[in-house]
Amino acid sequence: MKDGYSIFDTHTHLGYGVHHGRRITADELLRGMDSFGVDRSLVIPFPVVEDHHATHDEIYEAVKAHPDRFTGAACLYPYLPRDEFRDEVKRCVEELGFRAIKLQPQYHALNPLWPTSEFFFETALAYNLPIVVHTGSGIPYSLPSLYIVPARKYPDLQIVLGHCGGGGLLLAEAIVAAMVCPNISLELSSLMPHHIAEVLQHVPSNRLMIGSDLPESLTTELSKILFMQLSPEATRDIFWDTAQALFI
Ligand SMILES: [Zn+2]
């Protein structure tokens, strides 16, 4: 809790990231959460890992040790052999209890416009997993507007645009995507407070949520919402209620 608000951080990573050579442990995440008052975090593998199976197991161990603090999310290369991909998603849901799947277009190069990508979205839908997709760096695959296509094709699929376009450059695209698709939500990390004010002019707060991404960003990303002094209702949505409806 922080200032009377429950807090759900919808964007954290656990394990080893091959691309940046960094490891984050459950203890490190918990220390950051405790220092700010974060109640629960969605824990996601880094985009490039040595072994997605082992990384999912590592996240599962953290969730099992702290079921009241962590919710697990899957992330795996979408061009794996399809049986292998589907089996691991099934294991993540049915055995590990994960509640989301992350797509990292900047490393996965999955184009939502291609028919070959339908498999990814249909697998998420089959296992009732919201997709959290990184947007921003990694254009063209990470353009927020591309996700209008699967959101329209699969109206029961929930899609969260991570980083809300990644700042001012693609912010308008993320806003439009959420305006035209009721099943698209926005995660506000990397936005400036005036960007968030702009988002709120067009997108209801019950489709907005916060995320820290990395422990060193946690205080900045979460404090900016408090400093904006939004209505208690909007603050509650952004800090907890939107995420709770999707991931718990
Ligand atoms: Zn991230």
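Me: In strand 5, which residue is the bridge partner of Val 43?

Reply: In this predicted model, strand 4 covers residues 40-44, and three bridges join strand 4 to strand 5, residues 70-72, with the two strands running parallel. Within that pairing, the partner of Val 43 in strand 5 is Gly 72.

Me: Through which helix does the chain cross from strand 4 to strand 5, and what is the handedness of this crossover?

Reply: Strand 4 and strand 5 are parallel and joined by three bridges. Between them the chain passes through residues 52-65, making a β-α-β crossover. The helix crossed is helix 2, and the crossover is right-handed.

Me: Which residue of strand 4 is the bridge partner of His 13?

Reply: Strand 1, which spans residues 8-13, pairs with strand 4 in the parallel sense, and the pairing holds four bridges. His 13 takes part in this pairing, and its bridge partner in strand 4 is Ile 44.

Me: Which residues of strand 4 lie on the side opposite to Arg 40, Leu 42 and Ile 44, and are they buried or exposed?

Reply: In a regular strand the side chains alternate between the two faces of the sheet. In strand 4, Arg 40, Leu 42 and Ile 44 are on one side and are buried, and the count for the whole strand is five buried residues of five. Both faces are covered, and the residues on the other side, which are also buried, are Ser 41 and Val 43.

Me: Why are Phe 120, Phe 121 and Ala 124 on the same side of helix 5, and how wide is the arc that they cover?

Reply: Helix 5 runs over residues 118-126, and Phe 120, Phe 121 and Ala 124 are buried in it. They lie on the same side of helix 5 because the arc they cover around the axis is only 90°.

Me: Which elements are included in what covers the buried residues of helix 5?

Reply: The buried residues in helix 5 are Phe 120, Phe 121 and Ala 124. Their cover includes two strands and a helix, namely strand 6 (101-103), strand 7 (131-134) and helix 6 (148-153).

Me: Why does the radius of gyration of the chain agree with that of a compact globule, and what is its value?

Reply: The chain has ten helices and ten strands, and its C-alpha trace spans about 50 × 40 × 30 Å along the principal axes. A compact globule of 248 residues would have a radius of gyration near 18 Å, so the chain agrees with that expectation, its own value being 17 Å.

How values were computed: Residues are numbered from 1 along each chain as its sequence is written. This is a predicted model: local features need pLDDT of at least 70, side-chain atom pairs count only at pLDDT 80 or more; totals for chains, interfaces and linings use all residues. The radius of gyration is taken over C-alpha atoms; the globule rule is 2.2 Å times the number of residues to the power 0.38. A residue is buried if 20 or more other C-beta atoms lie within 10 Å of its own, exposed if 12 or fewer, and partly exposed in between; C-beta atoms are placed from the backbone. Two strands pair if DSSP finds at least two bridges between them. A crossover is right-handed if, with the strands pointing away from the viewer, the path from the first strand over the helix to the second runs clockwise. The arc is that of the directions from the helix axis to the C-beta atoms. Two residues are in contact if their C-beta atoms, placed from the backbone, lie within 7 Å.
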